[in-house]
Amino acid sequence: MPNLSAVAVTDAVQTHLGEIESHLGALDAALASGDADRIEQQSQILQLGLAQGLATFRQAAASGAPLPDALQHRLMLARTRCLQQQQAVQLASASLGRTLSVIFPSQDGTQGATYGVPGQGAGARAMSAYR
C-alpha cells in the first residue's frame with residue numbers, strides 16, 4: 001500500500017475491519033450455539049481475517065495517513081470484542097475443567113489443576129519422569 005492516498009488507506013482498513021466484524025459476529029453465534037465444530041471453524045476464519053487485517057493496519061500506520069476517529073473507534077470495539085470472546089472461551093474451559101475434575105477425581109485424592117498448585121498434579125509428575 002505504499003504511496004497510496006489517505007482515502008485508499010482508509011478504504012482498505014475499512015474493508016478489512018468490516019470483514020473482521022463479520023467474522024466476530026459469526027464466532028459470537030457459534031459460541032452461543034455451543035457447536036464445537038462450528039466454533040473451531042469460525043475461530044480459524046477469524047484468525048485468518050485478523051492476520052490479513054493486521055497486515056493492512058500496519059501498512060496504514062506506516063503510510064502516516066491518519067484514520068478517521070469513527071474508524072479508530074470501530075477498531076477499538078473490534079479489539080474489545082476479540083478480548084471478550086477470548087475471556088468467554090477461557091471461562092468455559094475452566095468450567096469444563098472443574099466439571100471434569102468432579103466427574104473424574106484424581107486417583108491420589110488431590111484436587112484438580114484448577115484449584116491445586118500448578119506443576120504439582122499427576123500430569124506434571126508423570127512428565128517429570130521423562131526428564
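Start by selecting A78, which sits in helix α3. This is a predicted model, so let A78 be your anchor while you find your way around.

**Stop 1: A78 and its surroundings**

Is A78 buried or exposed? Its relative accessible area is 7%, and because anything under 20% counts as buried, A78 is buried. Now show what touches A78: apart from neighbours within four places in sequence, A78 is in contact with L17 and L24. Then draw a distance from A78 to E21. These two residues are 57 apart along the chain, yet their C-alpha atoms are separated by 6.5 Å.

**Stop 2: the whole chain**

Zoom out and switch to a cartoon. The protein chain has 4 helices and 0 strands, and along the sequence the pattern reads α-α-α-α. Of its 131 residues, 18% count as buried. If you draw a contact map, look at the pairs at least 6 apart in sequence: 68% of those contacts join residues at least 24 apart.

**Stop 3: helix α3**

Select residues 69–103, which make up α3. This helix has 35 residues and reaches 51 Å from its first C-alpha to its last, close to the 51 Å expected at 1.5 Å a residue. Which residues of α3 are buried? They are L71, A78 and Q85, so your anchor from the start of the tour belongs to this set. Turn on the neighbouring helices, since the cover over these buried residues includes α1 and α2.

**Stop 4: helix α1**

Next, select residues 6–33 for α1. At 1.5 Å a residue, its 28 residues should span 40 Å, and the end C-alpha atoms are indeed 40 Å apart, which agrees. Colour the buried residues of α1: V9, T10, V13, H16, L17, I20, H23, L24, L27 and A30. Both α2 and α3 are among what covers them.

Pause on T10, which lies in α1. With a relative accessibility of 14%, T10 counts as buried. Beyond its neighbours within four places in sequence, T10 is in contact with P66, L67, P68 and L71. L71 is one of the buried residues of α3.

Follow the chain to the end of the helix. Just after α1, G34 takes a positive phi of about 75°.

**Stop 5: where α1 meets α3**

Keep α1 and α3 on screen and hide the rest. Two packed helices are described by the angle between their axes and the distance between the axes. For α1 and α3, the angle is about 25° and the axes are 10 Å apart. The two helices are therefore roughly parallel to each other, and their crossing is left-handed. To light up the contact, select T10, V13, Q14, L17, G18, E21, L24, G25, L27, D28 and L31 on the α1 side. On the α3 side, select L71, R74, L75, A78, R81, C82, Q85 and V89.

**Stop 6: helix α2**

Now bring back residues 36–63, helix α2. The 28 residues of α2 should span 40 Å at 1.5 Å a residue, and the end C-alpha atoms are 40 Å apart, which agrees. Look at the start of the helix in sticks: a side-chain oxygen of D35 reaches to within 3.2 Å of the backbone nitrogen of D37. At the other end, α2 is followed by G64, whose phi is positive, near 80°.

Which residues of α2 are buried? Select I39, Q42, L46, G49, G53, T56 and A60 to see them. Their cover includes α1 and α3.

Of these, take a closer look at Q42, found in helix α2. Q42 has a relative accessible area of 14% and is buried. Setting aside neighbours within four places in sequence, Q42 is in contact with A26, L27 and A30. L27 and A30 are among the buried residues of α1.

**Last stop: where α1 meets α2**

Finish with α1 and α2 shown together. How far apart are their axes? The axes are 9 Å apart, and the helices pack at an angle of about 160°. That makes α1 roughly antiparallel to α2. The crossing of α1 and α2 is left-handed.

Technical notes
Residues numbered from 1 in each chain as written. Predicted model: local features only at pLDDT ≥ 70, side-chain atom pairs only at ≥ 80, totals over all residues. Heavy atoms only, no water. Expected span 1.5 Å × (residues − 1). Buried < 20%, exposed > 50% of the residue type's maximum accessible area, 1.4 Å probe, protein only. Contact = heavy atoms within 4.5 Å. Polar contact = N/O pair within 3.5 Å; in protein donor to acceptor, adjacent residues only side chain to side chain. Axes fitted to C-alpha atoms, helices over the stretch in contact; angles between N-to-C directions. Parallel < 35°, antiparallel > 145°, perpendicular 65-115°, else oblique. Left-handed = near helix turned anticlockwise from the far one by under 90°.
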